[in-house]
Amino acid sequence: MSTPNTTRLRDLIAAVRQCKTAAEERALINRESAHIREAFRENRPFLRTRNMLKLLYISMLGYPTEFGQVEVLSLLAQADYAGKRVGYLTLQMVLDENDEVLTLSENHIKKDLTQGQSLIQSMALNVVANIASEVMARDMLDEISKLVTSSNAYLGKKACLAAIRIVKKIPDYAEIFLETFSNLFLERTPSVLICSVTLVNECLQLPQGEQFLSKYRLMANAAVRVLKQLVLSSRVTDQDVCGISDPFLQVKILEFMRLIGKGSPVTSEALNDVLAQVLTNTDGSRNVGSAVQYECVRTIYAIEGDEGLRTLGINTIGRFLSSTDNNLRFVALQSLLNYSSRDADAVREHQYTILDCLKDVDISIRRRAVDLTVALVNEKNVRLLVPDLISYLTVCVEEMREDVTLHLCRIIESKSPSTEWRVELSLRLLRLAKQYAPIDFATRFIALLSNESTEIQTSAVLSMWEEASYPFDALHQSRKAFLLAAVWGIGEYADLLIPAKGLKPEDVAICIADITNNSAFNMIKCYGLTALMKIASRFPSTKTTVLPVFANYATCLDCELQQRACEYTSLLESFPEEATFSFSRMPPIYQADEEEDSVQPVPEVNLPPEFLQQQAAVALDDLFNVNANTSLAASSSGNKNIQHTAADIDDLFSTKREEASDTTASYLNSNGPTIANTTLGTTVLAAEPTKDSVAAVPVFNCDDLSVSVSGVEKEGLIATNIIVESKIDTPLENLTIQVAVPKTCTLEIGSLPSTVIPAHGRMVHHCTVDNRKNTKNPHLLMLRIKLLYTVNGTPRSQLLQVSQEV
């Protein structure tokens, strides 16, 4: 048998470093892996440690080493310390909690934890603290819970670290360790104390630790005593860092105070003094002291601290902004941003320093400075901060401009001190933000401008003209939102712009036409065509400029542009007076709130056609005050003879067949007018009326209006006029007339001539009723009419029924 290779680790490292290419290195590693595999197969204990170290090095280089992982168990089983040390080191470096080899090694770990050699016990504790799985955590609980209270400080601190791993894997075990540390701050060894406090902090943050908060709040005075000794101590110890006494322990104690003081005013009161001492006595000129002060401020804001202490914390964090360390400045900006919602006034004391951070080279600091500046804006400092943010918008990098623009839009709309200021800053932002300005902001600006005074409108349109009147170039192309507002404003307020600026109407029309023709956005083209139409309708001399533009877009492939161009051309050429009226000054635009704008999505429902037909029949019957059963019976009787159909119609209107000749017309009003009955002799028209002169019969009367009906029957078709006359001094607005007929009839109703009836005016509504299927009485006109209208904005409705022969 050949002698296995006995190359030492240092020789392998030197050979790897001498390799010139990756292929040469792979060949060397393959040869060495083969030698190690052969040595493991021959089971030579005196070479196992050396080969495992080489295997660990090969694993660190990134090559596969699974073939030798089982040999870790052999090293753990050795009695000598050197073998166990290499075995535990390989176990932590090569394996993780999901490897099966770790499960096989649990017995060796449990055995080493219970023996008396502290060095071997510490190595086993390291394995549990680093790679223990959930199964291993359950198995090692008893041994770890005993070692956390060990008198050996070296074992005690490592056992606490292993306990932290167990608690993270199995949170239910937190109660066991919280019961153990009843006298937490009696420990004098700094290393054991910091590990113990870390374990307690980890347990108290879990839901299982909430029930122990009252117990640990009793230790507040002990924690204050220990922290005060560290802050005020003048002794130099091994744990000091840059003149700060054991800063790591201070941070852990501050975290402990943060947990026990949250939600407890009594405990917080006991902690206030020592927290103030930490802030004032800690040297913050170096990162170590700044870290302690930062944790102290976090604790102040977590507990129920008083206002003076919080202000001291804000001022301490504010001093970080003057540091040259970018990390410290970033932490300061983020902290001030978090605390600005609670103590905004204290943070605003540092607003000038925050504004200086907008000029920092680091983009992450500039982002946080922008967010913090936006959070600090209120009605008092908005005039100061918003111009600075707009100026910053011109110099910031491209990837930040969109965020800055959105912040500015929100501030200008929500915190503007006056309308003049909002209009001025909105126009300035629209010009500078270019393509990053949202279209919604421009449309809301248009709505705002339509509600303002003539002076503000004139000032705004002059400002927009100064920018829009330049020859169209790439800068105009990038200002989509600004051009949208400018085209609308110039078109709407051209009558204000022309005398104020001393312009000719043709110059304004040429400018709008230039923007319309050269813009790449259809929305701006649509606004431009409408603006040209407004200018041409008010200033006829501009038609020679406007009509060629409309002719150009009359053949456009875009349907919206083509339709507008054709309609506007027809209005200008054929109906100039109507065009002047239609494109006069717009009324103020109502701007709905966000809550009113929010529309709930309509759920999608798939219903069969039969069900929809039944629902339509029920809706029609409801208009005639008939129950659903009657409606369904009437709708299903289509195949019956005409006599049954006539009977159903009589029943629909609550009349009997033998009483058809004495049918009456009842008049119903939803607002409670007088109900009147008119007999046939009163309601019947002339025996042989002519189409040109038919007497109207009054059928309804109330305080607001009166209704008359006239009709002419010819071959089963009844031409009906519904005449509505107003009786009040106020116009009837938003008028809607709804008419229903029986199922045997069909109705053809025309459009309303107007939705407004002037005071004491009248309106005639035409409709045609096809009554040919009513063979029993084709001359009987049966209608149910509903009138909807508003008086001084108050909605009203009237309901009436007509049954008369014509």
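What is the strand order of the open sheet of five strands?

1. First, a caveat: this is a predicted model. As for the question, the five strands line up as β3-β4-β5-β8-β7, and the pairing is antiparallel. The sheet is open, with β3 (697-701) and β7 standing at its edges. Each of those two has a single partner strand, so one side of β3 and one side of β7 are left without a neighbour in the sheet. On average, neighbouring strands here are turned by 25 degrees against each other, direction ignored.

2. If you want to find your way around that sheet, β8 (residues 762-770) is a handy place to start. On one side β8 pairs with β5 (residues 717-726) in the antiparallel sense, over nine bridges. One pair to look for is I723, whose bridge partner in β8 is V764. Strand β8 is also joined to β7 (residues 746-749), again antiparallel, by four bridges. There, L747 stands opposite V769 of β8. As a general reminder, strands of a sheet pair through backbone hydrogen bonds.

3. There is also an open sheet of three strands, in the order β6-β9-β10, and its pairing is antiparallel. The edges are β6 (733-740) and β10 (794-805); each has a single partner strand, so one side of each goes without a neighbour in the sheet. Neighbouring strands in this sheet are turned by 15 degrees against each other on average, direction ignored. Between β9 (residues 780-791) and β10 I'd point you to the twelve bridges that join them, with the two strands running antiparallel. Within that pairing, L788 sits opposite S797 in β10.

4. Now to the helices, beginning with α1 (residues 9-17) and α3. Their axes come within 9 Å and cross at roughly 30 degrees. Angles under 35 degrees count as roughly parallel, and that makes α1 roughly parallel to α3. The crossing is right-handed. On the α1 side the contact uses L9, L12, I13 and V16, which meet L53, K54, Y57 and I58 in α3. By class, the contact of α1 with α3 has seven nonpolar residues, no polar ones and one charged.

5. Helix α3 (residues 45-60) also packs with α5 (residues 81-94), at an angle of about 20 degrees and with the axes 10 Å apart. These two are therefore roughly parallel to each other as well, but the crossing of α3 and α5 is left-handed. From α3, the residues T49, M52, L53, L56 and S59 take part, and they meet A82, G83, V86, L89, T90, M93 and V94 of α5. The contact divides into eight nonpolar, four polar and no charged residues. Notice that L53 turns up here and in the contact with α1 too.

6. Last, the aromatic rings. How many aromatic pairs does the count come to? The count is six aromatic pairs. F550 and Y568 form an aromatic pair, with 5.7 Å centre to centre and 55 degrees between the planes, which is a tilted arrangement. F550 lies in helix α34 (residues 543-553) and Y568 in helix α35 (residues 559-574), so this pair ties together parts that are 18 residues apart in sequence.

Technical notes: Residues are numbered from 1 along each chain as its sequence is written. This is a predicted model: local features need pLDDT of at least 70, side-chain atom pairs count only at pLDDT 80 or more; totals for chains, interfaces and linings use all residues. Side-chain values use heavy atoms; hydrogens and water are left out. Two strands pair if DSSP finds at least two bridges between them. Axes are lines fitted to C-alpha atoms, for helices over the stretch in contact, and angles run from 0 to 180 degrees between N-to-C directions. Angles under 35 degrees count as roughly parallel, over 145 as roughly antiparallel, 65 to 115 as roughly perpendicular and the rest as oblique. A crossing is left-handed if the near helix is turned anticlockwise from the far one by less than a right angle, and right-handed if clockwise. Contact means heavy atoms within 4.5 Å. Ala, Val, Leu, Ile, Met, Phe, Trp, Tyr, Cys and Pro count as nonpolar, Asp, Glu, Lys and Arg as charged, and the others, Gly among them, as polar. Rings of Phe, Tyr and Trp (its six-membered ring) pair if their centres lie within 6.5 Å; planes under 30 degrees apart count as stacked, over 60 as edge-to-face and the rest as tilted.
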